[in-house]
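Look at the strands before anything else, and then at the empty spaces between the atoms. The paragraphs below take them in that order.

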Amino acid sequence: MQALLSVIDTLQAAGSVVKTYERSLAEYEGVSLVMIKRDGRKLLLAQGAGALADALEGEAVAGGADSAKLCPLTHANRLTLNRFFPYTAPRAFGTQISTIGLGDRLGIASSGHIETVRGHDIRPILAQQSIRELNLTGRDYKEVLDAACYAAFQEGYKDGFGADGDHLKVEADIELALGLGFTMLTLDCSEHIDNTVEGQSDADILASYAKVPADVRSRYEDGYLNRNFEAAGTGFVFNELTLAKNVLIYAKAIDYMEHVFTKYIQTAGRDIDFEVSIDETLTPTDPGSHFLIAEELYRRGVKLFSMAPRFCGEFQKGIDYIGDVARFEEELKIHAAIADHFGYKLSIHSGSDKFTVFPMIGVHTKGRFHLKTAGTNWLEAMRVIAKTNPGLYRRMHTYAYDHFEEATAYYHVKADLNVIKPLESVADSELPDYLNDDDARQMLHITYGILLQAKDESDKSLFKDEFYRTMDDNEPSYTDALITHIGKHVKLLGK
């Protein structure tokens, strides 16, 4: 460390402002490596001669100690970091420990996420992005994974983290994510689920079922028709109508799940946490449907990390659960028991801020769950902006208000802009209170892409550059905000 400190002294003597992330300090066969921030830019500082220093791309420190090199946080250097320090690479976790997806849309939240979960019996999925989120933020999967890996190094975090290709539908995207090293795949089956069946008459359902290929009908009828099944004390029987309905809604989705598992998961050559999402339906997932899907998948040899059903009530973005809590708990018990029966974890999507139901999720899943969060981390960033740069917050709030309808094309929320307190009536000191108001939260939540991509007539960023500068200047404040907010999730989940 003394040699590194000498290099840092040289940089500071030359006029640079240097911050050292001491937790990152690592050594490999005579080479010391640490993360620093020099004049607002994060870099790796390597000192010493050896294979690690040779493999890192960078420039010698002018006038510094022998064999010292400053290395930018490039994709190539991240791969080198993964090779020499395996704890900086994502991993799969399997089904025996709780996991939380943390959806860092900005690429700056993972250090705070690490501090939130450090020492708790839960593991973070630091890199978690859908194609929709990538398109709205202008990022790509390389950037997402690089940011997570560098954060693990910066914080010296060695308990392991995952990387989720979230809500992927298209095989090309699945292949891309897995090829880059993502360790979890959330398969979005919505395009293979027939939502038109709900609401049809019994006669119409049976008529449509009669048109299903005979071999498909035979497969399901031989396996399920009028047979009794039991999972964790709950019985399931499929008569002619209920079987027909399930086949019409889910058979193609089940085929797609099997196809993706066989083509990509089994052939990956490494462990992949495979999640299937069936939550994109018009009505809550019937426990019988959950059981049939799982039973059929396991008959076909498909092994799951987790399954995400659609629960009763509403899991809207950035706010607490909406609905009948008692009914939710009763159905949760059955869904959790089914997952436990087959040995996978229950997954809860749009799980941010569902404080009312977190305790029962922790209890009824026996602590084996996967919870997805995302936009709530963006909202905590906006809270930091409101506290530290009120002028920027006011401009972003106004723009979000004016462009809210555009964002509703991507997200369903209940926000009523008419009840949000007028911005001009709020003092700077009160601006963070908007992040405690459900309607304002949802307005800001779903407009993140519009705000980050907004430009003026000269093609200059309206908010993004100043936003990132402000967040960089207030890095500890953001970490503290995440520890408080995501920490509340972890505590209520019993972790």
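In which sense do strand β6 and strand β7 pair, and over how many bridges? In this predicted model, β6 covers residues 99–101 and β7 covers residues 123–130, and the two pair in the parallel sense over three bridges. One place to find this pairing is glycine 101, which stands opposite isoleucine 125 in β7.

These two strands belong to a closed barrel of eight strands. Its order is β6-β7-β8-β9-β12-β13-β14-β15, and the pairing is parallel. From one strand to the next, the twist averages 25°.

Strands of a sheet can pair in either the parallel or the antiparallel sense, through backbone hydrogen bonds. For antiparallel pairing, turn to strand β2 (residues 31–38) and strand β3 (residues 41–47). Seven bridges join β2 to β3, and the strands run antiparallel. Lysine 37 stands opposite lysine 42 in β3. The hairpin of β2 and β3 has two residues between the strands, and in it aspartate 39 takes a positive phi near 50°.

Strand β3 is also joined to strand β5 (residues 68–72) by five bridges, again antiparallel. Here leucine 43 stands opposite proline 72 in β5. Strand β3 is mostly covered, with five of its seven residues buried.

Next come the cysteines. How many disulfides does a search of the whole structure find? The search finds zero. Cysteine 149 forms no such bond because the closest cysteine sulfur, in cysteine 71, is 16 Å from its own sulfur, which is too far. Cysteine 149 is buried, with a relative accessible area of 0%. Cysteine 312 also counts as buried, at 2% relative accessibility.

Now for the empty spaces. Rolling a probe the size of a water molecule over the atoms shows where empty space is left. The largest pocket has a volume of about 1000 Å³. It is lined by 40 residues, and those closest to its centre are Arg132, Asp279, Glu280, Lys317 and Ser350. Strand β7, helix α5 (131–137) and strand β8 (162–168) each supply at least two residues of this lining. The largest share, three residues, comes from α5. By class, the lining of the largest pocket has nine nonpolar, 16 polar and 15 charged residues.

The second largest pocket holds about 860 Å³ of space. Of its 34 lining residues, Lys42, Leu106, Gly107, Ile108 and Tyr468 lie nearest the centre. Among the elements that each supply at least two residues of the lining are β2 and β3, the strands of the hairpin described above. The largest share, seven residues, comes from α6, which spans 141–154. The lining of the second largest pocket divides into 14 nonpolar, nine polar and eleven charged residues.

Finally, the structure holds one cavity of 30 Å³ or more. The largest cavity has a volume of about 50 Å³. Its lining is made up of Ala336, Ala339, Asp340, Tyr344, Lys345, Leu346, His364, Thr365, Lys366 and Arg368. The elements that give two or more residues to this lining are α12 (325–342) and β14 (345–348), and β14 is one of the strands of the barrel. Helix α12 provides the largest share, three residues. By class, the lining of the largest cavity has four nonpolar, two polar and four charged residues.

How values were computed
Residues are numbered from 1 along each chain as its sequence is written. This is a predicted model: local features need pLDDT of at least 70, side-chain atom pairs count only at pLDDT 80 or more; totals for chains, interfaces and linings use all residues. Side-chain values use heavy atoms; hydrogens and water are left out. On a 1 Å grid over the protein atoms alone, a cavity is a set of points where a 1.4 Å probe fits but cannot get out, and a pocket is an open set with protein on both sides within 12 Å along at least five of seven lines; lining residues have an atom within 4 Å of a point. Grid points are joined across faces, edges and corners, and a volume is the space filled by probe spheres set on the points. Helices (H or I, at least four residues) and strands (E, at least two) are DSSP runs, numbered from the N terminus. Ala, Val, Leu, Ile, Met, Phe, Trp, Tyr, Cys and Pro count as nonpolar, Asp, Glu, Lys and Arg as charged, and the others, Gly among them, as polar. A disulfide is a pair of cysteine sulfur atoms within 2.5 Å. Buried means under 20% relative accessible area, exposed over 50%, partly exposed in between (1.4 Å probe, protein chains only). Two strands pair if DSSP finds at least two bridges between them. Axes are lines fitted to C-alpha atoms, for helices over the stretch in contact, and angles run from 0 to 180 degrees between N-to-C directions.
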